[in-house]
Amino acid sequence: MAGASPSARAEVVVPLDWAGAAATVSSEPAPPVVVVCGPKNAGKSTFSRLLLNLLLPRYGRVGYLDTDVGQPEFSPPGCLSFHVVDKAFSDLLNPSLRETERCCFFGDISSKRDPETYLNCLFHLYDYFVEKYRCSVSETIPLIVNTPGWVKGAGFDMLVEMLRYICPTIVVQIRISVQSKNLPDGMFWLDCGQTGPNMINIDAPFRDSMNRSLLIQKDSYGMRECRLVEYFKQCFPSDISLTTNKELAYALTSLPPYEVSISDVMVIHLHFQVPRSEVWHSLNATIVGLAISCGTTEAGRSIPWCVGLGIVRGVDVQRGILYVITPVPLKHLQRVDLLLQGLIEIPKSLLQVRGCVSPYMPTNVLHKI
Amino acid sequence: MEAAPEGTGRLYGGGGGRASDLSTGRKLVPWSSWAEWRLVRDGLFSARPVAALRRVTLTPTPHPPARKFLSKRGEVCESSACSQIAAWRSRGSLPVPVDVTAAFVEIRLRDPFFRNVMASEDALESEEMLAMLYSMAIMRLVNGFVENSHKKTGYSISELSEVVGIPRVLVDIRHESSHRSLPSLRLLRLAAIKAFDWLKCIYWDSQTNAVPDFQVELREKLHEINHFLKDKDLVKAKAGSKRKRSEKLISRSIKYVRRLYYTCPSDVVSVLLDFFQLNAPESSENSEVQQTDSLDVDQSSDICNQISNSDTKIIVAKLSKKEPRLLLAILKSVIEMIETLEGLENKGESNACLPAKIKNLCSHVLWLVTNIKELKDSGCIRLVHEKVLSSDRNAVPCFCLAKLLRKLLKLSIIGERCIIDATLLLIEMASNNVKEKLRKLPALSLGGLAKDSTIPKSTKEIESVDKATEKLEMFKSQLKRKDVCLAENGTRGSLNTIMSEKCNRWTTTKSWTPCPIGMVPCSFSSTSVLPTLDVIDHELKDDKLEQHVNFESDDDIERIGYYSHPEKQLDVESILEISRPSPECEISNMPELTFPLKGRLLVGGVWKVVSEEELLLIKSKMKILL
């Protein structure tokens, strides 16, 4: 198709209705705000990437609001983030880590854990976009909002809230052949009589011989683990070759961590109540979001910006020091005064190093058969 | 149910075939050691003589006075076990049985039937609510054990439950409470007791049996090595093949011990120390002073005594060729042991064998230090300086030696010949600049000793000298920092200046040795140790400042308020931390604590704010001193 990125992989064949939809969006007179929604595994992220590649030549920079905390596009799992992208995707099928412009740490892989906080994070990021890229005319850029596979229940309610808040200019809905698993047709988030944005329906790309949509099943657990491993690989300069997980895991045990005084940071458990006396039992050898508490004065919502993730690799309570591993550069780290603990599980492969096995990985554990 | 296909029904195996129920490899768990797991287990089951509860359920008097004390006492442990499990839960990967057991305990703690209601405010009076809690916990138990296989195989919940062995009454309650009316509270209480017993049997007891006894295993291996060594001596004269075989066996056993050492360094140290101690002349009869785990000493003491002191030394020497830092760890523990013995002696405890014990330990100190020196000379131990980051497993940061040295100097038996020799050796090993500073120290302390060798006074003097050195260190490092001039910022109230004050709160660790995630390198031996994770008391006082703040605006205001009063923060935390140091941090790391102390100086026992000029004045005087 005409607008496809030349570097797109050969086997990616863009269906006609997708090409048409993408073309419609990119030919809008004003920079559009596009929300892409539809059921799980239908191809939302792939379409978003395609769209981004198409919008880039015209605008130079495209905003991307990543709202899928389970499988984010550019950031590690558990984060909602806003990016300004100026480089096209070379791989339309797989996500890649990129530096975020603004990020909130939600701390779980499903938004259902805390819908209110989730939406607040989302609105916070959107407000940031509006303030920075919409208020001054010269800076105006388009925005793509990719959503998780929300169709029903709590997720559907959140999608409605989100669409009402964002008021997109275009909504792209991807539909699959099983009608009951699709979102309602039309502008389901508006009361009747209200006029809404441009609505485009497209079909999921793959179909079997009986014309049923084929959903791309993903090993989401494995993908998340991969994501985190990739993320923490950034702790090392790219010229150090760490090809296997084993090498990385060993390198992480030897890497001199950052240290911070316990009294200089505040610990917040996002989804669980943890007694004060147990706080270090809870935190040791887990992944935390590194956030800044004071940077939030500009908005009414007090949601701290997150600069990245870290592993609390050790705690010395007597000396009052936390040891943290993170790829976040030291100068960005200086403002971090909040450690947000969510439920992002540390990849097991990082804990099993020969001769350096984490105490949290014992043998002889009674488990399922 | 014989119809159920293999491997689908049982999740947490109960009866036979235990081997297959254990994970073949390693598994991520929320506890940092089996000891921690056992502690929680004991807490959960602390308050519960099952028979007593059963009797109680037959005679429905709400608060049987006979149980009053028992439940009151048990309650403490139970609730602390529950809060520990709350921490586990926040880490994820909490096994279902643990989760559900904690739920039952927590509900019981709120059920007035099982406890003295007057004792606490959080008792739940509503029977309806209690019934709801109990049935939810029971539902989660049944589902947690069978739901996965129910989905996979399509067998009914009750069929699968029978395979797993869940008591039928629980399955019925699950069914009734989800599809029909809520079961009666009486029934639920009985069922909860049943569920609790079942969990204990199916999970807690089985897991207890499955955990290997590390210390016993280690002892066995060490005896094996000893045996082979003896064997080797015997066949020395004989032909090579046999000797080679035993050498091979030795190296294999040593490898095994090393593996144990990796998983649990401190246990290896304590077992080796046990061996040393048990061979002390008079120690075999009274073990009350013995502070290390004497738990399984009893059962295996007859074997223990077979390894003589000299044999243990040979084994340790062999081990330390491969794991040189082991020596440092043992040295640290020996010194600490001497410290405790001295403590006992100073308290006036009259024990005939104390001096002998100390003497024995002192000889070990010298032996250890001599060996460390040998290893260092042969290049097995590489001393590294701060800021030289090394991934070498055998690297030992210089400050480790310096710290051991300080520890040694603080002993009041510094007059012992062995200790003096050991000290001098250590001084020689420590790098040049440390050497110069420290050369003065033993002279000072020995001088003090010569004047009056009765212990208490000289201890004090040594301590004060030590403290003075620490302070010197601290001032120096403080002055090195460019941003020492915090006082000049003047306006402290606004947020911005506070931010700039904090601009160095994150630093890269100056020295590091590879160690597993979740552990920290011991500052004395640089071996990995599992840190104590319990919150130090005074931190708890700030409870309300650091509670579960869930992105709410008023909490945020409070947080900002917290930062805008740095003085307050200082008062509560740092000063307490400094003025009540634990023995470990007292000698270890004053330099690292410069932050909270910035701009303050200990003058006559009080932390006073000092201006920059004053600090500079001190600095210049310090230069003269040095």
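**A sheet and a core across two chains**

Biologist: In this predicted model, what makes strand S8 of chain A and S3(B) a pair?

Modeller: Strand S8 (residues 258–261) of chain A and S3(B) are joined by three bridges in the antiparallel sense, and because pairing requires at least two bridges between strands, these strands count as paired. Within this pairing, A:Tyr258 has B:Thr508 as its bridge partner in S3(B).

Biologist: Why is the sheet that holds them called open, and which strands are its edges?

Modeller: Seven strands run in the order S9(A)-S13(A)-S10(A)-S11(A)-S12(A)-S8(A)-S3(B), with mixed pairing. Strand S9 (266–269) of chain A and strand S3 (506–508) of chain B each pair on one side only, and these are the edge strands. From one strand to the next, the twist averages 40°.

Biologist: What makes B:Ile330 a member of the largest nonpolar core?

Modeller: That core has 214 residues, and B:Ile330 is listed among those with the most contacts inside it, along with others including A:Val34, A:Leu51 and B:Val365. Membership is limited to buried residues of certain kinds, Ile among them, and burial requires 20 or more other C-beta atoms within 10 Å, so B:Ile330, as a core member, must meet that cut-off. Leaving aside residues up to four places away in sequence, B:Ile330 touches B:Val269, B:Leu272, B:Leu273 and B:Leu368.

Biologist: Which element gives the largest share of this core?

Modeller: Helix H15 (residues 325–346) of chain B does, with eleven residues.

Biologist: How many of the residues of chain B count as buried?

Modeller: Of its 626 residues, 33% count as buried, in a chain with 27 helices and seven strands.

Note on methods:
Residues are numbered from 1 along each chain as its sequence is written. Chains are lettered from A and ligands numbered from 1 in the order in which they are written. This is a predicted model: local features need pLDDT of at least 70, side-chain atom pairs count only at pLDDT 80 or more; totals for chains, interfaces and linings use all residues. Helices (H or I, at least four residues) and strands (E, at least two) are DSSP runs, numbered from the N terminus. Axes are lines fitted to C-alpha atoms, for helices over the stretch in contact, and angles run from 0 to 180 degrees between N-to-C directions. A nonpolar core is a set of buried Ala, Val, Leu, Ile, Met, Phe, Trp, Tyr and Cys residues joined through C-beta atoms within 7 Å. A residue is buried if 20 or more other C-beta atoms lie within 10 Å of its own, exposed if 12 or fewer, and partly exposed in between; C-beta atoms are placed from the backbone. Two residues are in contact if their C-beta atoms, placed from the backbone, lie within 7 Å.
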